[in-house]
Amino acid sequence: MMPNSREEPFLSRATDGKVTYPPGVKEISDKISKEEMVRRLKMVVKTFMDMDQDSEEEKELYLNLALHLASDFFLKHPDKDVRLLVACCLADIFRIYAPEAPYTSPDKLKDIFMFITRQLKGLEDTKSAQFNRYFYLLENIAWVKSYNICFELEDSNEIFTQLYRTLFQVINNGHNQKVHMHMVDLMSSIICEGDTVSQELLDTVLVNLVPAHKNLNKQAYDLAKALLKRTAQAIEPYITNFFNQVLMLGKTSVSDLSEHVFDLILELYNIDSHLLLSVLPQLEFKLKSNDNDERLQVVKLLAKMFGAKDSELAAQNKPLWQCYLGRFNDIHVPIRLECVKFASHCLMNHPDLAKDLTEFLRVRSHDPEEAIRHDVIVSIVTAAKKDLSLVNDALLNIVKERTLDKRWRVRKEAMMGLASIYRKYSLQGEGGREASKQISWIKDKLLHIYYQNSIDDRLLVERVFAQYMVPFNLETTERMKCLYYLYATLDTNAVKALNEMWKCQNMLRHHVKDLLDLAKKPKSEASNKAVFAKVMVITRNLPDPGKAQDFVKKLAQVLDDDERIRDQLETLVSPSCSCKQAEVCVKDITKKLGSPKQPSNPFLEMVKFLLERIAPVHIDTESISALIKQVNKSIDGTADDEEEGVPTEEAIRAGLELLKVLSFTHPVSFHSAETFESLLGCLKMDDEKVAEAALQIFKNTGSKMEESFPHIKSVLLPVLQSKAKRGPPRQAKYAIHCINAMFTNRDTHFAQIFEPLHKSLDPANLEQLITPLTTLGHLAQLAPEQFAAPLKSLVANFIVKDLLMNDRVPGKKTTKLWVPDEEVSPETMAKIQGIKLMVRWLLGVKNNQSKSGNSTLRMLTAILHSDGDLTEQGRMGKPDMSRLRLAAACALLKLAQEPCYHEIVTLEQYQLCALVINDECYQVRQCFAQKLHRGLCRLRLPLEYMAIFALCAKDPVKERRAHARQCLVKNVNIRREYLKQHAAINKLLSLLPEYVVPYTIHLLAHDPDYVKVQDIEQLKEIKEALWFVLEIIMAKNENNSHAFIRKMVENIKQTKDAQCSTDPKINEKLYTVCDVAMNIIMSKSTTYSLESPKDPVLPSRFFTKPDKVGACTQLFTTGLCSLFPARL
């Protein structure tokens, strides 16, 4: 078949090597202008664009044109428009002639593709007029997968690498989704359809994931991410190989990205975890590396991978997770620190892993490194503040434990963390009732810290209370409601701590007021000494007393010089200062003392601490009024008690208890008619506790009532008289004290109460005796001279003969040693009140001229001798006998606190009283120890009474021994602190804790259980009792006190027992106890043999004068070898 006339010339030109141009296109050569060349090339582009793969004849016709366009003339043409049009033509040629390209030379193919790659750089400028042609070029080569032709070329890697680099360089935020998609299509076909991916090509992709590059070109990062997602399966072996070379074989030279391996692993994991299926086990190996820095890098990496929000790595790779947890115990501190920091993110993003983390965090909370313990707290608290459900109780307990850390920074973080959790979930109620219930213990724990010795801890508790527990910036009614329900839900110890806090703040306010008063006085040596003494007292109430001393001195000087600051401070410490006034005063003082030129001002910081402690930010007259209204709401049944989780009865009692405490610390704030009228209403209530609290409040706050509130007085007096005559015993007691504190003509009122009660006493009506005896007892103490004659007769005839010496009603036969108060017989209760009346009378009289003290002491010791059954008729029940033993012992302690009666207490009476601490009844031991402790803490009881605690070493109950030890520690500290603050040289014998040793030795020598002098078992008990005291006394070797104690014991062996100086057995016991004491000192101290700082003075009531000539040097304790085998 002959070709038609139109096709014949084209065919002939194609076969003879001549270039055939499309119709209307003249020859394209260097002889034409650039503009003409562009015009002709556009027509060629249009021709190729319209052709498809099925146009066989046209393909043949334009074959030479295709070859011509690939010549160096076009590929190296200087004009970019020409190059672009040629590239578009070449792209279409590859499309039309696919799968066989018209170019067979490998070099030519490389040139063409490198040329096309260079033209793709034009994609960078999206505003260019030619951008659509560049896009057409990209779309064409991507759709046809033109670059796949290069797979067979030796230089394919160079071509692909250049293409990838170009695309990653040109991609920018001006490109639309289509450009992005075509780039991904083009690059992914090379990876997915090729035989291999070179390291160089892999690097061009991965480099875009390195943080520095990622931040510079986010679009390149997104492109790399999309490419890796598309090619995950194909590229994974090459990625694995790269990490294997670097991580396992250490061949860092294989890639410039070797130093970024951990960053790359993280990014790849975030893109598609399947990319690292074979790499993650290598990380487990790296976690066990010997190189600290390498382990740290892997830990940081895995922290991000495990902690990422949607990460499932811990579940998917449990061995790696367990290996990572092991790093919590790493030897390298930065690694442990990194693990702890990671915990916060992990808890927040993966609550299911909290169980795994808890034990490791608990161990790290005891880490020797302060920073790690600190960050454990931060991690847990951060998670808890985000959502309380993220942390379990065990994690919160870790924070709780760290509030007692040895380092202040850790304690502070734990306390502030708990405080912020409490405010969010309890105060603000963000997590609902369940969350509030879960952390209800926090308020108690925070307040318990006030028991710590550190002033920093105590100050922080005060700040936490004012800012987090009862925020001072709340409106008054809301603030008092918050305080009311907080107080009602605190445990006993927390309540005591809060009360102590207010007491300390109040005391400091008084000290500052004293300093202000001294500042007004004329300067003299005496006033300067007084100012210095007051400065020292205030200093002890501030952090870092060493530095604070200079600052308080400076403040004292400022108060002398600056009248305005002095006036502001006077307003602040005034009892009538309101909360709003306090806020203004604090701002004015700090502003006046501050300086913009001095941003860090330690003096100002100290003043702020002081102002923070003394400013009444919670309580003023308005606050007390609001608090009483809140109590009244509970009484009326209109409060939100149940909603707040507090039974109404508990809320009322707690509210009144709170008011009672505040009446001690802020009495002036109660001075309003509204407040007093509300309290009058409480007096008339049936609830005994409510009325009792109201009476105590009146007693504390009513000093100005007669003159300021006469209408209240006229109503109150009959109520008080009625309570004193017929009310419950405790109300009767407080009614008498109210009258004493509030009314000027108290004697008249007292007489109106005393006469009818005195005359109506009837021993036959025991139940009606208790209140009258209570009232008469307090009248006897407050006005002993007014009722001197009738009281003496009352005690001798009625109390002793009619009441104590008679058992009218047989006691219940029971084996119990103790019963609750309500089960105690009326006769026993009356006898107890009779004993108390005698003691109160003596304490009121305060002299022993009539020898009433001696006879009372004999009566008390008779009760103790007879185990509580004074008549010894066997009619009393055991619980009643226990009560009377306790009453007698406590009465003796009470009398011993008054110097005139302490002098007449015989050693036998003292020893008998001491034995009550070993009473068979637990409650007797408990109550007696508490009374003993209280008297010693107030420095009212003489030092020999502290020795009684030594007998607690024999107590069978562990908690009683622990309590006794705490009492001893506290008493020793109180006395040492007192001696530091007061130059009480003349009182050394009665205050220096070391002087308790001779009293202890003497008491143990007279212990009735110590019968056989050399009995080993009895000596063991003596040793335990001595060590019980000596352990605490010798804990600090201040001023070489160990040598002083040794000297004291040696001196005792130069004396005789003053109680029985002629009894050889008693003296042998005394020396034997000394031997045991000496061996304890020698075995526990390394400085005992040094020279004693002072020659001890032994108490003459207990020991005769030393006889140094006939001193006893004999070792009496033959059993010491078995007691102290290492020493002897």
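**Exercise 1. Classify Leu268 as buried or exposed, and place Leu268 in its helix.**

Solution. Step 1: the relative accessibility of Leu268 is 0%. Step 2: the classes are buried (under 20% relative accessible area), exposed (over 50%) and partly exposed (in between), with a 1.4 Å probe and protein chains only. Step 3: Leu268 therefore counts as buried. Step 4: Leu268 belongs to helix 15, residues 261-271; helices are DSSP runs of H or I with at least four residues, numbered from the N terminus. Step 5: the C-alpha atoms of Leu268 and Phe465 are 49 Å apart in space, with the two positions 197 residues apart in sequence.

The model is predicted, so local features need pLDDT of at least 70 and side-chain atom pairs count only at pLDDT 80 or more, while totals for chains, interfaces and linings use all residues. Residues are numbered from 1 along each chain as its sequence is written, and side-chain values use heavy atoms, with hydrogens and water left out.

**Exercise 2. State which backbone oxygen the side chain of Arg402 reaches.**

Solution. Step 1: Arg402 is found in helix 23, residues 393-402. Step 2: with a relative accessible area of 11%, Arg402 is buried. Step 3: the side chain of Arg402 reaches the backbone oxygen of Ser365 at 3.2 Å.

**Exercise 3. Determine how the side chains of Arg336 and Asp367 meet, and whether each residue is buried or exposed.**

Solution. Step 1: side chains of opposite charge can pair when their charged atoms come close. Step 2: the criterion for a salt bridge is a side-chain nitrogen of Lys or Arg within 4 Å of a carboxyl oxygen of Asp or Glu. Step 3: Arg336 and Asp367 form such a bridge, at 2.7 Å from N to O. Step 4: this pair links distant parts of the chain, 31 residues apart, with Arg336 in helix 20 (333-349) and Asp367 in the loop between helix 21 (354-364) and helix 22 (370-386). Step 5: Arg336 is buried at 8% relative accessible area, and Asp367 is buried at 1%.

**Exercise 4. Describe the salt bridge of Glu193 with Lys145 and that of Asp72 with Lys108.**

Solution. Step 1: the closest N and O atoms of Glu193 and Lys145 are 2.7 Å apart. Step 2: the pair spans 48 residues, from Lys145 in the loop between helix 8 (131-144) and helix 9 (156-170) to Glu193 in helix 10 (177-193). Step 3: Glu193 is partly exposed at 39% relative accessibility, as is Lys145 at 35%. Step 4: Asp72 and Lys108 meet at 3.5 Å, N to O. Step 5: these two are 36 residues apart, Asp72 in helix 5 (72-75) and Lys108 in helix 7 (106-119). Step 6: Asp72 is partly exposed at 40%, and Lys108 is partly exposed at 22%.

**Exercise 5. Find how many salt bridges the whole structure holds, and name the residues linked with Arg39 in a network.**

Solution. Step 1: a search of the whole structure gives 53 salt bridges. Step 2: Glu36 and Arg40 are linked with Arg39 in a network of salt bridges.

Definitions and conventions
Polar contact = N/O pair within 3.5 Å; in protein donor to acceptor, adjacent residues only side chain to side chain.
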